[in-house]
Amino acid sequence: MTQELTSPSPAPQAAGPDRGRGWWRDAVIYQVYVRSFSDSDGDGIGDLRGVRERLPHLKDLGVDAVWLTPFYASPQADGGYDVADYRAVDPLFGTLADADDLIRTAHALGLRVIVDIVPNHTSDRHPWFTDPELARQRYVFRPGKGTRGELPPNDWESVFGGPAWTRTDRGDWYLHLFAPEQPDLDWERPEVHEEFAAILRFWLDLGVDGFRIDVAHGMVKAPGLPDIGHGAQARLIGSQVLPFFDQDGVHAIHRTWRRLLDGHREAGGREVIGVAEAWAPSAERLALYVRPDELHQAFNFQFLSAPWDADALRGVIDSSLAATVAVGAPTTWVLSNHDVVRHTTRLGGLARARAATLLMLALPGSAYLYQGEELGLPEVTDLPAEVRQDPAFFRGNGQGGDGASAADGSGDGGQDGFRDGCRVPLPWSGALPPYGFGPGGSWLPQPADWGRLSVAAQTGDPSSTLELYRGALELRRRLPGLGDGEMAWQPAPEGVLAVRRPGMLCTVNTRPGDVEIPLPGELLLASAPVAAGGTSAVLPGDSCVWWAI
Ligand code: NOJ
């Protein structure tokens with residue numbers, strides 16, 4: 001431990017006119033999947049010291065905040081989303097002192113830190129669950145159906161495949177919306193509420209700037225736990241409120257947490273945000289999670305299921321903005337994360353991925369980047385079964401359309417919907433695996449050609465994806481109002497989007513062929529080489545261009 005844990009480092013201050021407006025409203029937030037980011041001790045698994053040592057990369061990239069996926073004590077049945085102790089760091093990832101160091105170093109570099117909180121379920125190794133008495137009071141246990149209780153209490157299915165119930169050797173059943181090693185907590189119990197408020201305070205005291213709330217739509221279940229109806233779950237998930245997802249009752253929990261976070265600021269602390277990982281059947285229902293007295297942000301996953309098509313993209317953008325404007329919140333944008341097929345592969349190639357990113361970063365709101373997308377990493381689609389770790393793989397259910405953790409729009413070309421392919425450790429330098437990931441190997445094998453995609457290989461190459469991201473994030477900081485200001489669609493040829501933002505026009509050509517347009521202004525940044533001269537410009541196929549106007 002290098003510092004007193006009880007005196008957190010000051011969070012970065014927003015400068016000038018941004019002060020007091022809410023740092024998160026237009027923040028670019030970088031998701032670190034800790035296990036795969038950087039390994040400091042050579043065990044092949046990324047860790048907190050590895051993250052701390054690489055923070056300068058994120059500073060150079062130009063992001064505002066870092067979101068760390070769970071690094072708490074956990075048997076790792078679901079990549080750490082099965083927490084056994086919410087106040088301890090898993091030895092795989094380091095110590096509490098490493099977490100403290102990381103937060104302090106990030107703050108010193110001007111980066112904020114968001115941690116992941118998993119309140120819908122714990123690990124089955126959590127002390128509440130291993131004690132049979134406590135377990136019955138704090139988790140969802142029910143007697144089985146059938147003459148001898150041999151059938152599950154209802155027809156709910158696990159997001160990872162198979163029934164959402166497991167029978168104990170004492171004969172009753174417990175609910176797990178995810179893996180059997182992730183029993184659902186009973187949020188009707190006051191002890192559960194008290195415990196999570198205490199966990200939030202623990203991490204607030206350590207200096208974090210935000211909480212990403214896992215399965216924020218799942219904690220409350222419909223009274224009586226009613227059946228969905230034979231076989232209907234797969235069809236209904238994501239398109240309507242289910243007895244275990246998006247129940248109105250969850251909002252009371254989020255209001256309590258908002259009061260807790262606001263209370264922290266009012267007592268002289270930092271402005272700490274809550275981000276909902278919520279899957280709601282419509283943009284309007286999702287917006288309910290970011291009403292003024294609820295969470296600050298909710299992930300907007302609409303891009304994840306949008307095809308590369310001008311009308312579809314425009315529809316997603318319009319509906320996302322309209323829904324959040326109605327409640328006075330900014331929207332968020334996500335193209336990739338640790339649960340879905342990387343967008344380079346999902347959209348059908350790097351050219352489209354680069355263009356999609358420039359479009360996302362030109363929109364008002366807050367943008368989430370997933371580690372490695374700044375390198376243009378593709379999904380790894382040929383991982384052998386023996387190295388896979390995604391519990392969904394073993395329970396035989398692709399993640400597509402689960403309404404809780406993925407909507408990958410996959411289905412062919414090796415895009416199997418499982419999640420190890422987007423979690424392959426990052427290449428940092430060198431020509432051979434593990435490409436500077438750490439002094440040992442890497443927990444998932446990296447492709448043989450990733451040396452050319454490493455941070456070192458791309459740095460300084462103006463045509464690289466890394467330099468494109470750096471350039472875009474620098475412009476986003478320089479152009480006032482880009483993150484939170486006005487936006488207007490402009491007339492454009494078929495297949496092309498043109499959107500005017502303060503000081504710039506963003507054009508996107510979603511078709512494969514060139515399109516000629518009247519020259520909009522001076523070229524600021526482009527995802528592909530643009531021919532511009534005289535009075536016209538040629539937008540290459542699958543490209544996005546930012547113009548100064
Ligand atoms: C959503 C997380 O992003 C995912 O990785 C996890 O498997 C589920 N929630 C369950 O915690």
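So, two domains to begin with: domain 1 covers 127-175 and domain 2 covers 486-548. Their C-alpha centres sit 56 Å apart. Please keep in mind, as we go through this, that we are looking at a predicted model.

Let's go to helix 1, which runs over residues 48-61. From its first C-alpha to its last, this stretch of 14 residues reaches 19 Å, close to the 20 Å expected at 1.5 Å a residue. If you follow the backbone along, you will find a bend of about 45° at R54, with a proline, P56, coming within four residues after that. Which residues of helix 1 are buried? They are L48, G50, V51, L55, H57, L58 and L61. And what do those buried residues pack against? On the strand side, the partners are strand 1 (28-32), strand 2 (65-68) and strand 4 (85-89). On the helix side, they are helix 2 (96-108), helix 13 (455-458) and helix 14 (465-478). Just after helix 1 comes G62, with a positive phi of about 105°.

Now the ligand, which I suspect many of you have been waiting for. There are 14 residues around the ligand, and the ones that come nearest are D78, D214, H338, D339 and R419. Let me give you a few distances. For D214, a polar side-chain atom lies 2.7 Å from a ligand oxygen. For H338, a polar atom of the side chain is 2.8 Å from an oxygen of the ligand. H121 has a contact as well: an N or O atom in the H121 side chain is 3.0 Å from a ligand oxygen.

Next, some backbone geometry. As a reminder, most residues other than glycine have a negative phi, and most peptide bonds are trans. With that in mind, have a look at Q76. Q76 is not a glycine, yet its phi is positive, about 65°. You will find Q76 in the loop between strand 3 (72-73) and strand 4. Is Q76 buried or exposed? The relative accessible area of Q76 is 14%, under the 20% cut-off, so Q76 counts as buried.

D542 is another residue other than glycine with a positive phi, in this case near 50°. D542 belongs to the loop between strand 20 (536-539) and strand 21 (543-548). D542 is buried too, because its relative accessible area is 14% and the cut-off is 20%.

For the peptide bonds, go to P433 and P434. The bond joining these two prolines is cis, with omega about 5°. P434 sits in the loop between helix 12 (391-394) and helix 13.

While we are in that loop, let me point out two more of its residues. G441 is found there, between helix 12 and helix 13. G441 is partly exposed, with a relative accessible area of 38%. Where does G441 make contacts, leaving aside neighbours within four places in sequence? With G44 and with P434, the proline from the cis bond. The C-alpha atoms of G441 and I45 are 8.3 Å apart, although 396 residues separate them along the chain.

The other one is A448, also in the loop between helix 12 and helix 13. A448 has a relative accessible area of 73%, which is over 50%, so A448 is exposed. From A448 to Y435, 13 residues apart along the chain, the C-alpha separation is 9.9 Å.

Let's move on to T332, which lies in strand 12 (residues 332-334). T332 has 0% relative accessibility, so it counts as buried. What does its side chain do there? A polar atom of the T332 side chain lies 2.7 Å from the backbone oxygen of A298. There is also a polar side-chain atom of T332 at 2.8 Å from the backbone nitrogen of N300. Beyond its neighbours within four places in sequence, T332 is in contact with Q297, A298, F299, N300, S366 and Y368.

My last stop is S282, in the loop between strand 10 (273-276) and helix 8 (283-287). S282 is partly exposed, at 27% relative accessible area. A polar atom of the S282 side chain is 3.0 Å from the backbone nitrogen of R285. Computed along the sequence, S282 and G238 are 44 residues apart, and their C-alpha atoms are 8.3 Å apart in space.

Note on methods. Residues are numbered from 1 along each chain as its sequence is written. This is a predicted model: local features need pLDDT of at least 70, side-chain atom pairs count only at pLDDT 80 or more; totals for chains, interfaces and linings use all residues. Side-chain values use heavy atoms; hydrogens and water are left out. Domain bounds come from an automatic or database domain assignment. Helices (H or I, at least four residues) and strands (E, at least two) are DSSP runs, numbered from the N terminus. The expected span of a helix is 1.5 Å times one less than its number of residues. The bend at a residue is the angle between axes fitted to the seven residues ending there and the seven starting there. Buried means under 20% relative accessible area, exposed over 50%, partly exposed in between (1.4 Å probe, protein chains only). Contact means heavy atoms within 4.5 Å. A residue is near a molecule or strand if one of its heavy atoms lies within 4 Å of it. A polar contact is a pair of N or O atoms within 3.5 Å; within protein, one must be able to donate a hydrogen and the other to accept it, and residues adjacent in sequence count only if both atoms are side-chain atoms.
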